Amino acid sequence: MNDPDGPPTTRVDVGYHTLVGRVRDHNEDTLKVDRDIGLFVVADGMGGHNAGERASQLAVEVVHGFVADHTDKPVGAAELTRAFLRANTVIYEESLQHSERSGMGTTLTALLVNGTSYRVAHVGDSRAWLVRDGVGRQITDDHSVLAEQVRLGVISAEDAARHPMRNVLTRSIGNTPDVEVDVLEGESLPGDIWVLGTDGMTQVMDTERIAEFATGNTGADQTARAIVDAACAEDGSDNVTAVVVRFPNA
């Protein structure tokens, strides 16, 4: 799909990397990269008995399948929201059908690029950053107890980053019958660099460091690997995943 309403797939530089970390014995993160439909996704699962891994895989599969089935016209905010709600329903129903997966859920962050526009859908505390003209900006808001307290001014961002409850979510995919999905839209410009990451990365990397990595003189694959390797070396207590999407300059 290379028409003006489709994603500029042919020249996009994409890289991704994931590591289990230095503590966990399996990886509950899942990622998806599909240049043809302009979709890039990360998810971080939660739940015992490998249920978190199952939840993140299901979420990514459902969203990817939904978007891929609707590429006959540009996928808007409403359709992307429906994809997330469908993933929520699938995971929630499976958790009810299998007692060993009770309470499983996942974060879910997706970037969808259609021609000159982008949409980001988001639930949880994985994150999306946009680096434009060398300046990074976190596009998503964390759906966590401490993030809400930071926004209310109850606690500082520095204290929240070290708090033992920093991973307690207020929203996730699959834990409840319904979920509120954040969808953000904007104009996609030549030279934009997107970075998606799970909290194993975000616990270590702030926006300034993300921008430094993204604007370095390396390709997207090397950038993703450098970010993940650095996060794992500095902490490594969780799975670490990054997706880097670099659009060409005009």
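Strands β2 (residues 29-34) and β3 (residues 39-46) make a hairpin with 4 residues between them, and Gly-38 in that turn takes a positive phi of about 70°. Helices and strands here are DSSP runs numbered from the N terminus (helices being H or I of at least four residues, strands E of at least two), and two strands pair if DSSP finds at least two bridges between them. This is a predicted model, in which local features need pLDDT of at least 70 and side-chain atom pairs count only at pLDDT 80 or more, while totals for chains, interfaces and linings use all residues. Residues are numbered from 1 along each chain as its sequence is written, and side-chain values use heavy atoms, with hydrogens and water left out.

The β2-β3 pairing is antiparallel and runs over 6 bridges, with Asp-29 partnered by Asp-44 in β3. Strand β3 has further partners. It is joined to β5 by 4 antiparallel bridges, where Phe-40 is matched with Leu-111. Strand β4 (residues 105-106) also pairs with β3 in the antiparallel sense, over 2 bridges, and there Gly-45 sits opposite Thr-106. β3 is mostly covered, with 7 of its 8 residues buried; buried means under 20% relative accessible area, exposed over 50%, and partly exposed in between (1.4 Å probe, protein chains only).

From β5 (residues 108-114) the chain goes into a second hairpin: β5 and β6 have 2 residues between them, and Gly-115 in the turn has a positive phi of about 60°. The two strands pair antiparallel over 7 bridges, one of the matched pairs being Asn-114 with Ser-117. Ser-117 also has a bridge partner in β9, namely Glu-187, as part of the 6 bridges that join β6 to β9 (residues 182-187) in the antiparallel sense. With 6 of its 7 residues buried, β6 (residues 117-123) is largely enclosed by the rest of the structure.

Elsewhere, 5 strands form an open antiparallel sheet in the order β1-β11-β10-β7-β8. Its edges are β1 (13-19) and β8 (135-138), each of which pairs on one side only. The twist averages 15° from one strand to the next. Within this sheet, β7 (residues 127-132) and β10 (residues 193-197) are joined by 5 bridges, and Val-131 stands opposite Ile-193. Helix α7 (residues 220-234) lies across β1, β10 and β11 (240-246), at about 25° to β1; axes are lines fitted to C-alpha atoms, for helices over the stretch in contact, and angles run from 0 to 180 degrees between N-to-C directions.

The loops around β8 hold a few residues worth a look. Asp-133, in the loop between β7 and β8, has a positive phi of about 55° although it is not a glycine. Most residues other than glycine have a negative phi. Asp-133 is exposed, at 76% relative accessible area. Thr-140, by contrast, is buried at 1% and belongs to the loop between β8 and α3 (145-151). A polar atom of the Thr-140 side chain lies 3.1 Å from the backbone nitrogen of Ala-128. Contact means heavy atoms within 4.5 Å, and beyond its neighbours within four places in sequence, Thr-140 touches residues including Thr-109, Val-120, His-122 and Arg-127. Asp-142 is in that β8-α3 loop too and counts as buried at 10% relative accessibility. The side chains of Asp-142 and Arg-127 make a polar contact at 2.7 Å (a pair of N or O atoms within 3.5 Å; within protein, one must be able to donate a hydrogen and the other to accept it, and residues adjacent in sequence count only if both atoms are side-chain atoms).

On the helical side, α1 (residues 51-68) and α2 (residues 77-97) have axes that come within 9 Å and cross at roughly 145°. Residues of α1 at this meeting include Leu-58, Val-62 and Phe-66, and those of α2 include Leu-80, Phe-84 and Ile-91.

Taken as a whole, the protein has 7 helices and 11 strands, and 50% of its 250 residues count as buried. Among contacts between residues at least 6 apart in sequence, 70% join residues at least 24 apart.
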